[in-house]
Amino acid sequence: MQGRERLEQARHRATELMAERFAAAPPRGLLRTLLDRAWSDVLALTLLRHGEDSDAFATRLVITDQLLGRLPAGNRQLLQDAVEDGLQQIGMHGDEAVQVAQRLIGAGVDQPAADAPGATTLALRLKQRQRLGEQAAAAAAPAIATPPTQEQLIQQRLRELPYGSWFEFTDPLNGRTSQRKLAWYSPMSGNSLFVTRRGQRGEELSLSQLAHEIACGNVREMPADPSGGLLERAWRALTGNLRQPSHPDIDGATA
C-alpha cells in the first residue's frame with residue numbers, strides 16, 4: 001500500500017513537470033496525446049525508481065524537452081532508442097514502442113511503413129491502454145462517482161479514526177460477519193488496508209468505498225474496547241491470579 005502511495009506521488013509530480021513544459025511549449029494533437037498517455041508514465045516510473053535528483057531522471061527531462069522542441073534533438077537515432085527503452089520499461093511491447101517513439105520524435109512520419117498505424121489509430125490505442133498504476137486504481141475506484149452527503153460525512157469520520165480501529169463486515173449474500181482491523185490508510189489517496197484478527201491481509205478499500213458500504217449497512221464500526229482487547233484481558237487475568245495471596249491451608253501444608 002505504501003508502494004502504491006509512492007507511485008501516486010511520482011505520477012502527480014511527473015504531471016506537474018509535464019504541465020510546466022506544456023505551458024511554455026504547448027504541443028498539439030497526437031504529440032500531446034503521446035506525451036500525456038505514454039511519456040509521462042516513463043517520467044513517473046523513473047522518478048519512482050531513482051528519485052528527482054538522479055542523473056537518470058535528469059536525462060528523462062532532457063529527452064522530454066527534446067520531444068517538445070525546447071532543446072535540439074541531436075542524434076535522432078539515439079533519441080529514438082532512448083524513447084523506445086523508456087516506453088518498454090512501462091510495459092509497452094517492442095513494435096508499439098517503436099511506432100510511438102517514431103511519432104514522438106517525428107521519424108518516419110513522411111514515409112511510414114505500409115503496415116504502420118495512422119495517427120488516429122495510434123492515439124486511440126494509447127487512450128485505451130491501461131496506464132502505469134491504473135490496475136490498483138481500478139480496484140480501488142469508488143462505487144459511486146458522486147457520493148451523497150451522508151457518505152461524505154462518513155468519510156470525514158473515517159479520516160479521523162486511528163489505526164487499529166475495528167470494523168464488522170457482513171456478507172450481503174449469506175449474512176456471515178467477520179471482523180477486520182484498520183491497519184493503514186493514506187490521507188492523500190484515501191486507500192486503506194484491513195487485516196484479520198490473525199494479522200493476515202484482508203480487504204483493500206478506498207475510504208469512499210468503505211463509506212458507501214457503511215451507508216448500505218454492510219460494514220459497521222465496532223465500539224472501542226476499553227479493556228484493551230482479548231489478548232490484553234487474558235494477560236490481566238493471568239497477572240491478577242499470580243498476585244492473589246496464597247490460601248492459608250496451602251501455606252500450612254507447605255510449611
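**Exercise 1.** Which residues does Trp 39 touch, not counting residues up to four places away in sequence?

*Solution.* The model is predicted: local features need pLDDT of at least 70, side-chain atom pairs count only at pLDDT 80 or more, and totals for chains, interfaces and linings use all residues. Residues are numbered from 1 along each chain as its sequence is written, and side-chain values use heavy atoms, with hydrogens and water left out. Contact means heavy atoms within 4.5 Å. On that basis, Trp 39 touches Met 18, Leu 34, Arg 60, Ile 63, Thr 64, Leu 67, Ala 82, Val 83 and Leu 87.

**Exercise 2.** Identify the element that gives the largest share of the largest nonpolar core.

*Solution.* A nonpolar core is a set of buried (under 20% relative accessible area, 1.4 Å probe, protein chains only) Ala, Val, Leu, Ile, Met, Phe, Trp, Tyr and Cys residues joined through side-chain atoms within 4.5 Å. The largest has 30 residues, and Trp 39 is among those touching the most other members. Helices are DSSP runs (H or I, at least four residues), numbered from the N terminus. Two or more residues come from each of α1 (2-24), α2 (29-50), α3 (55-67), α4 (76-89) and α5 (94-105). The largest share, ten residues, belongs to α2.

**Exercise 3.** Determine whether Leu 61 is buried or exposed, and list its contacts beyond four places in sequence.

*Solution.* Leu 61 lies in helix α3. Leu 61 counts as buried because its relative accessibility is 16%. Beyond its neighbours within four places, Leu 61 contacts Leu 17, Arg 21 and Leu 43.

Conventions: Buried means under 20% relative accessible area, exposed over 50%, partly exposed in between (1.4 Å probe, protein chains only).
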